[in-house]
Amino acid sequence: MNDVVSALREVLPPEALFTDAEALRRYSHDDAEWAAFGEPAAVVLAGSVDDVVAAVRVAARLGVPVVPRGAGSGLSGGANATAGCIVLSLERMTAILEVNADERYAVVEAGVINDDLRQHVAGHGLWYPPDPASMSISTIGGNVATNAGGLCCVKYGVTRDYVLGLTVVLADGSVAKLGRTTAKGVTGYDLTALMVGSEGTLSIVVDVTVKLRPLGGREERAIIGYFPSLTDAGRAVAAVSAAGIVPSALELIDRMCLHTVAEWQGWTLPEQADVLLLAAVDEVGAAGEELAGRIAGLFADAGGTGVERATDPDDVARLFLARRLAYPSLERLGPVLTEDVCVPRSAVPEMLARIERIAAEADVVIANIAHAGDGNLHPLIIAPEGDAAAKDRAEAAFTRIVDACRELGGTVTGEHGVGLLKLPGAAAELSPTVLRMHRAVKDALDPHGILNPGKAFPATVPATESATEPATAER
């Protein structure tokens, strides 16, 4: 460990290197509850690409793992340290290097906060759509690492849909520029897309070229409906999908989340607030009015009460703020184990019903929020601090939810990444052939396995399998 620190001191400015106990503790893990972590040998707060290169070259020479990190807001353990590693934080790399309004793209360093980018490009009449609930604290580099989604991704897509190019540092310390700035391009393999969602296991992202959209041309309308049960709300979600409607957002918030947010913020809720569905459309004029009316009708047909529409920007913002505050409000009650399963939209009612049964049978408290419009559900499992039995029940419920998701044709993570928490689920979801493909890519780009080892996909690949596998096993 002393060798690592000494080697880093030789190549880094003093302000970039931290070895004190408080820094090692603070940077040893992300926000995932109960995911394992070790104590790093050192924390590097890179201020430039040169700092990243220097740190990675030391790691490569000494065979020391490197764990990249953004804001540490992840919920799957993807930024958790391994014992004796170098935690390499990009949080100081916050420059917006270029905004090209004519071609509609921006180049930003990895540590830029998502909402800072959105506000900056708005000044150029442009919009960066991916909007995870953590947008005010999460970094663009971290969003790239997990292919983050957000509230509006049901219509506008996820991070991968907006990444045109990347500058990355590879495991040997070399720098590669990937991608393009043109609207189209198919030269070579799509290595840019490969890096998005790779959780720092293939390279370290130092800057990102993102595609932007025009800011104008949208009129936000919100539609809210209260439902007597999660299953009823799920039926409304399925009905909107079956009708071929693509809202700009369709979010679910259950009674527990609503009331913890209301208590925290001093809001008053209507008596029927058991489950809230919050939809938005952004079509202009009569088209937007017609679409909002159709969604309101579907909500009512599915048993929704108190169905209302809002067009005032402040009212719309307040409604969506309740969704964004749901997770931090629950954290005030105790440790929260956060799920991130994604099922076909038609399976949302059944998945929500199974979550309710699992909560009752496991005797655990599960609150529910969801990007319901694309089937991405976030059951939030709460266990009191220090209650070991409750923690065991929570972890058992977590596993059962993952299994139920897969039984319904879903995937174990929609936007938080596999990290550490979803490794068993990923092992079940990915076939042996696909796991070997993952291993081959990892070995080619990181032959000594120093980049975020043990994350994103299971390390063990089955040695044998049948000569042919059903196509449905391949993901």
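User: What distance separates the centres of domain 1 and domain 2?
Analyst: This is a predicted model, in which local features need pLDDT of at least 70, side-chain atom pairs count only at pLDDT 80 or more, and totals for chains, interfaces and linings use all residues. Residues are numbered from 1 along each chain as its sequence is written, and side-chain values use heavy atoms, with hydrogens and water left out. The domain bounds, which come from an automatic or database domain assignment, place domain 1 at 1-89 and domain 2 at 96-214. Taken over C-alpha atoms, their centres are separated by 23 Å.

User: How many residues does domain 1 give to the contact with domain 2?
Analyst: Contact here means heavy atoms within 4.5 Å. Domain 2 takes part with 14 residues, and the number from domain 1 is 14.

User: Which element gives the largest share of the side of domain 1 that touches domain 2?
Analyst: Helices (H or I, at least four residues) and strands (E, at least two) are DSSP runs, numbered from the N terminus. Two or more residues each come from strand 3 (66-69) and helix 3 (49-62). The largest share, 6 residues, belongs to helix 3.

User: What area is buried between domain 1 and domain 2?
Analyst: Buried area is the accessible area (1.4 Å probe) that two parts lose on being put together, summed over both. Val-49, Val-56 and Pro-68 supply 34% of what domain 1 buries against domain 2. Carbon and sulfur atoms give 72% of the total, which is about 1000 Å².

User: How many salt bridges does the rule find across the interface of domain 1 and domain 2?
Analyst: A salt bridge is a side-chain nitrogen of Lys or Arg within 4 Å of a carboxyl oxygen of Asp or Glu. The structure holds 19 salt bridges, but across this interface the number found is 0.

User: Which residue forms a salt bridge with Arg-25?
Analyst: Side chains of opposite charge can pair when their charged atoms come close. The partner of Arg-25 lies with it in helix 2 (residues 21-26), 3 residues apart, about one turn of the helix. With the closest N and O atoms 2.6 Å apart, the partner is Glu-22.
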